Amino acid sequence: QVQLVESGGGLVQAGGSLRLSCAASGGIFSNYVMGWFRQAPGKEREFVAAIARSGYTTYYADSVKGRFTISRDNAKSTVSLQMNSLKPEDTAVYYCAARGSVMWNTMNYDTRPGEYGDWGQGTQVTVSS
């Protein structure tokens with residue numbers, strides 16, 4: 001089990017950028033595939049991006065591909081989400097999540113939230129038009 005704490009959310013104008021960070025503790029960070037999810041009011045939680053244990057492989061939702069970049073630093077037990085060209089429809093609470101994996105350089109491309117066992121408390125991102 002790993003504890004996750006997100007930071008970096010805020011209010012930004014459309015077209016702007018934000019960088020979210022997630023700090024992990026209490027577990028061996030490099031044992032986990034890390035993911036970012038988001039949930040807008042009245043909507044289900046949806047997958048945004050994921051990164052393999054080594055950082056070698058990443059995967060994105062079509063809605064953010066080319067605009068968002070996920071990265072990790074196993075030495076610092078952190079995962080980040082760089083968000084560029086933000087749109088009002090990106091407004092949501094963003095969650096960091098972890099799931100154990102035996103694969104180092106690749107990962108199971110399962111985007112279901114239920115596959116992730118550990119979650120942060122979320123950070124609000126609001127994009128104004």
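How many bridges join β4 to β5, and in which sense do the two strands run? Five bridges join them, and the strands run antiparallel. Before I go further, please keep in mind that what we have on the screen is a predicted model, and that everything I describe this morning is computed from that model.

Let me stay with the hairpin of β4 and β5 for a moment, where six residues lie between the two strands and where Gly42 takes a positive phi near 75 degrees. Within the paired part of this hairpin, Arg38 has Glu46 as its bridge partner in β5. On β9, the bridge partner of Arg38 is Tyr94, and the pairing of β4 with β9 is antiparallel and extends over eight bridges. As for its surroundings, strand β4, which covers residues 32-39, is largely enclosed by the rest of the structure, because seven of its eight residues are buried.

From β9 we can walk on to β11, since strand β9, residues 92-100, pairs with β11 in the antiparallel sense over three bridges. Here Tyr94 appears again, this time with Thr123 of β11 as its bridge partner. Strand β11 also has strand β2, residues 10-13, joined to it by four bridges, and those two strands run parallel; in that pairing, Gly10 stands opposite Val125. As general background, strands of a sheet pair through backbone hydrogen bonds, and they may do so either parallel or antiparallel.

Which side chains of β11 are buried, and which are not? Along residues 123-128 the side chains alternate, so to speak, between two faces: Thr123, Val125 and Val127 point to one face and are buried, whereas Gln124, Thr126 and Ser128 point to the other face and are not buried.

Now to another part of the model, where four strands form an open sheet in the order β1-β3-β8-β7, with antiparallel pairing. At the edges of this sheet are β1, residues 3-7, and β7, residues 68-73, each of which pairs on one side only. From one strand to the next, the twist averages 15 degrees. Within this sheet, β1 pairs with strand β3, residues 18-25, in the antiparallel sense over five bridges, and Leu4 stands opposite Ala24 of β3.

Two loops deserve a careful look as well. Most residues other than glycine have a negative phi. Ser77, in the loop between β7 and β8, nevertheless has a positive phi near 55 degrees. Likewise Ser85, in the loop between β8 and β9, has a positive phi near 50 degrees. Ser85 counts as partly exposed, because its relative accessibility is 41%.

I would like to finish with Arg53, which lies in the loop between β5 and β6. This arginine is buried and yet has no salt bridge, and the nearest side chain of opposite charge, that of Asp118, is 13 Å away. What, then, does the side chain of Arg53 reach at 2.6 Å? It is the backbone oxygen of Ser30, and the side chain of Arg53 also reaches the backbone oxygen of Val102, at 3.5 Å. Leaving aside residues up to four places away in sequence, the residues that Arg53 touches include Tyr32, Val33, Arg72, Asn74 and Trp104.

Terms used: Residues numbered from 1 in each chain as written. Predicted model: local features only at pLDDT ≥ 70, side-chain atom pairs only at ≥ 80, totals over all residues. Heavy atoms only, no water. Buried < 20%, exposed > 50% of the residue type's maximum accessible area, 1.4 Å probe, protein only. Lys, Arg positive; Asp, Glu negative; His and termini not counted. Salt bridge = Lys/Arg side-chain N within 4 Å of Asp/Glu carboxyl O. Polar contact = N/O pair within 3.5 Å; in protein donor to acceptor, adjacent residues only side chain to side chain. Contact = heavy atoms within 4.5 Å. Pairing = 2+ DSSP bridges. Axes fitted to C-alpha atoms, helices over the stretch in contact; angles between N-to-C directions.
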